[in-house]
Amino acid sequence: MGTTILGLLAITLCILPFLGIHLSRKKTEKELISGLRTIADACNSKLASWDCGVEFAIGISSPKNYLFFYKKRSGTLIKHCVPLFDIQNCTVNCIKRNIQNGNISETIIDKLELVLIPYNPQKTPIVFVFFNSDEHFRPNGEPPLIKKWEAIVNDALNERSTFPIAS
């Protein structure tokens, strides 16, 4: 009986940190999605689909005419509502560097950015930072996520050019 109780106590102590991490991630995700919804509401739009990274969330409106980005990092808040009718193209900027360790060469990602290029060449491109090695040690799911959103935005831009929006 005493061994069973000790075993259950040991298992509980092993599970608690993982449960705490899971609950913390869920809370952060809810905050990020709430931030996206607030941005969408401010643009008189509804959030259709979204994804969350470690400290950011990205989403698109239901008629695919706005892109939303929300990032919260150490007290700094970044909020964007980008009208896609102003955007010509969307690309991924992946900044890498090679590190030589003896005979082994390794490529490290320093930064992953989603770059929105406006039609007006006078305007600067809008950059959403998905990953920065100054903030995190290594990417945590951002490479496939940024490729997914590059495709979503470019599909929305292509749909817009196929079916012009009435003014």
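## A three-stranded sheet

Strand β6, which covers residues 104-118, pairs with β7 in the antiparallel sense, and the pairing runs over six bridges. One of these two strands' bridge pairs can be named residue by residue, since the partner of glutamate 113 is valine 129 in β7. The model in which these strands appear is a predicted one, and the values below should be read with that in mind.

The pairing of β6 with β7 belongs to an open sheet of three strands, arranged in the order β5-β6-β7 and paired in the antiparallel sense. At the edges of this sheet stand β5 (87-101) and β7 (126-132), and because each has a single partner strand, one side of each is left without a neighbour in the sheet. Neighbouring strands here are turned against each other by 20° on average, when direction is ignored. As general background, the strands of a sheet pair through backbone hydrogen bonds, and the pairing may be either parallel or antiparallel.

## The chain as a whole

The chain contains two helices and seven strands, and when it is read along the sequence these elements follow the pattern α-β-β-β-β-β-β-β-α. Of the 167 residues in the chain, 31% are buried. Among the contacts in the chain with a separation of 6 or more, 43% come from residues that lie 24 or more positions apart.

## The β1-β2 hairpin and glutamate 55

Strands β1 and β2 also pair in the antiparallel sense, in this case over five bridges, and a hairpin of three residues joins β1 to β2. Within this pairing, aspartate 51 stands opposite isoleucine 58 in β2.

Is glutamate 55, in the loop between β1 and β2, buried or exposed? Its relative accessibility is 15%, and because the cut-off for a buried residue is under 20%, glutamate 55 counts as buried. The side chain of glutamate 55 makes a polar contact with the side chain of histidine 136, at 3.2 Å. When neighbours within four places in sequence are left aside, the residues in contact with glutamate 55 are Leu32, Tyr70, Lys71, Lys72, Arg73, Glu135 and His136.

## Cysteines and the disulfide

How many disulfides does a search of the whole structure find? The search finds one, and this disulfide joins cysteine 43 to cysteine 81, with a distance of 2.1 Å from S to S. The pair links distant parts of the chain, for cysteine 43 is in the loop between α1 and β1 (47-52), whereas cysteine 81 is in strand β4 (residues 76-83), 38 residues apart.

The accessibility of three cysteines can be set side by side. Cysteine 81 has a relative accessibility of 26% and therefore counts as partly exposed, and cysteine 94, with a relative accessible area of 31%, is partly exposed too. Cysteine 90, by contrast, has a relative accessibility of 1% and so counts as buried.

## Confidence in the model

The chain averages a pLDDT of 85, and 86% of its residues score at least 70. Over residues 163-167, however, the pLDDT is below 50, and this stretch has one contact in the model beyond near neighbours in sequence. Where in the chain is confidence lowest, and where is it highest? It is lowest in helix α1 (residues 2-42), at a mean of 74, and highest in strand β2 (residues 56-61), at 95.

Definitions and conventions: Residues are numbered from 1 along each chain as its sequence is written. This is a predicted model: local features need pLDDT of at least 70, side-chain atom pairs count only at pLDDT 80 or more; totals for chains, interfaces and linings use all residues. Side-chain values use heavy atoms; hydrogens and water are left out. pLDDT is the predictor's confidence in each residue, from 0 to 100. Helices (H or I, at least four residues) and strands (E, at least two) are DSSP runs, numbered from the N terminus. Contact means heavy atoms within 4.5 Å. A disulfide is a pair of cysteine sulfur atoms within 2.5 Å. Buried means under 20% relative accessible area, exposed over 50%, partly exposed in between (1.4 Å probe, protein chains only). Two strands pair if DSSP finds at least two bridges between them. Axes are lines fitted to C-alpha atoms, for helices over the stretch in contact, and angles run from 0 to 180 degrees between N-to-C directions. A polar contact is a pair of N or O atoms within 3.5 Å; within protein, one must be able to donate a hydrogen and the other to accept it, and residues adjacent in sequence count only if both atoms are side-chain atoms.
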